[in-house]
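This report goes through selected local features of one protein chain. Please have the sequence and the coordinates open while reading.

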Amino acid sequence: MGAKRKKEDAPEMAEDADIDDGGCRDRRNRQKVEKKEEFRPSMIKNKEKRSAAHAKLKHQKKLEKRKTKKAREAADKQALELGEEPPQRSVPRTIENTREADETVCKPDDAELFVANDADEFSSILRRERAPKILITTCRFHSTRGPAFISELLTVIPNAHYYKRGTYDLKKIVEYATKEDFTTLIVVHTSRREPDALLVTSLPSGPTAHFKLSKLVLRKEIKNHGNPTGHVPELVLNNFTTRLGHRVGRMIQSLFPQNPDFRGRRVVTFHNQRDYIFFRHHRYIFETKESKQQDPKSKKGKDAEDKSTGQQVIARLQECGPRFVLKLKSLQHGTFDTRGGEYEWVHKPEMDTSRRRFFL
């Protein structure tokens, strides 16, 4: 009886095996189709064919983007003609506009903030009661790029003076700078022959900020760079929104005089993005170009004549350098003191719990 049952079950098992094989084949075919659909130009080994495929794909994306832009403009125009409100545009989700809520974000109607501004260490400079005077020095072991970076800092910050460090202790330098009526001390720290940190101390009573310096690009390394003049630059500070960021922004603001000379057309920018402070130094240039318009009566082609209608003024920016990025590591009460100093804020690795959490 058992042998007969096995013989009867054998065809059914064969049918099940055939069904399983068919299902596996279908899955393989689907995977092959998906692989073909996920084709990318980077899969092509030939460089010329790969670049041609990439250019074709880029051109197609550009055409699609232009098509959607025209459709959106047509919808807005139609809504205005009908007296309706244009359709709302979708705002892309970014790390900046989805940042975690922070109680320390400054508000325009915060009375405590204005009272604190009038009583902080930078109020005398920002109210023009005292002119900023900067002392710049190095660590004891400076690098080859350090002096070049300092010479460019001297052209960026007005009324800045460089003193060689020598064997003097930093506390003695602070005492000397305070006697000579300096308002800020900047120490350029170097490591492995490369500037990697800035120590900024407001005198005479602090605070002291320690910044990590990275991605330094000197003026001579910037293509088509300009040479700055001796005029006092305009200062632009962006996205310093929290109480800590506001304090750091006021410290940076106290480095520059509060009466910019607009004839020099110089702009110094400190742009904060995701707690990284990007530094740029530009001068803006005004150029006049003749605007030409084609005669509508003449046919389009080589024989068509252009008629000049006037001059057009075009403004553009020319970078003067240097270019670098700062990252705040600590903010300390008073002047530099590694042993008994109290810290207002210190960055720790355990504070980086989310990509959407910012402190400045």
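## The loop between helix 7 and strand 7

N259 is partly exposed, because its relative accessible area is 46% and so falls between the 20% and 50% limits. The model is a predicted one. N259 sits in the loop between helix 7 and strand 7. Its C-alpha lies 7.3 Å from that of V232, and the two residues are 27 positions apart in sequence.

S254 belongs to the loop between helix 7 (243–253) and strand 7 (266–273). With a relative accessible area of 1%, S254 is buried. The S254 side chain reaches the backbone oxygen of M251 at 2.6 Å.

## Salt bridges

Side chains of opposite charge can pair when their charged atoms come close. In this model the count comes to 12 salt bridges. One of them joins R243 and E112, with 4.0 Å between the closest N and O atoms. This pair links distant parts of the chain, since R243 is in helix 7 and E112 in helix 3 (residues 111–119), 131 residues apart. R243 is partly exposed at 36% relative accessibility, whereas E112 is exposed at 58%. A network of salt bridges links D110, E112 and R243.

R127 and E129 also form a salt bridge, and their closest N and O atoms are 3.3 Å apart. In that pair E129 is exposed, at 57% relative accessibility, and R127 is partly exposed, at 43%. Another salt bridge is formed by D181 and R130, with a closest N to O distance of 3.4 Å. D181 lies in the loop between helix 6 (170–179) and strand 3 (184–191), and R130 in the loop between helix 4 (123–126) and strand 1 (134–138), so the pair ties together parts that are 51 residues apart in sequence. Both partners are partly exposed: D181 has a relative accessibility of 46%, and R130 has 25%.

## Positive surface patch

Which residues form a positive surface patch? The patch consists of K58, K62, R66 and K70. R66 is located in helix 2 (residues 47–81). The relative accessible area of R66 is 42%, so R66 counts as partly exposed; this value also passes the patch cut-off of over 30%.

## Backbone geometry

Most residues other than glycine have a negative phi, and most peptide bonds are trans. Among the exceptions to the trans form is the cis peptide bond between L203 and P204, with omega at about 5°. P204 is placed in the loop between strand 4 (194–202) and strand 5 (208–217). A cis peptide bond also joins G321 and P322, where omega is about 0°. P322 is in the loop between strand 9 (306–319) and strand 10 (323–332).

Positive phi values occur at R274, near 55°, and at D275, about 70°; neither R274 nor D275 is a glycine. R274 is in the loop between strand 7 and strand 8 (276–294), and D275 is in the loop between strand 7 and strand 8 as well. Are these residues buried or exposed? R274 is partly exposed, with 36% relative accessibility, while D275 is buried, with 8%.

Notes. Residues numbered from 1 in each chain as written. Predicted model: local features only at pLDDT ≥ 70, side-chain atom pairs only at ≥ 80, totals over all residues. Heavy atoms only, no water. Patch = residues over 30% accessible without salt bridge, like charges linked within 9 Å, V, L, I, M, F, W, Y side chains within 5 Å. Areas by Shrake-Rupley, 256 points an atom, 1.4 Å probe, with all protein chains shown as cover. Salt bridge = Lys/Arg side-chain N within 4 Å of Asp/Glu carboxyl O. Lys, Arg positive; Asp, Glu negative; His and termini not counted. Charge placed at Lys NZ, Arg CZ, Asp CG, Glu CD. Helix = DSSP H or I, 4+ residues; strand = E, 2+ residues; numbered from the N terminus. Buried < 20%, exposed > 50% of the residue type's maximum accessible area, 1.4 Å probe, protein only. Polar contact = N/O pair within 3.5 Å; in protein donor to acceptor, adjacent residues only side chain to side chain.
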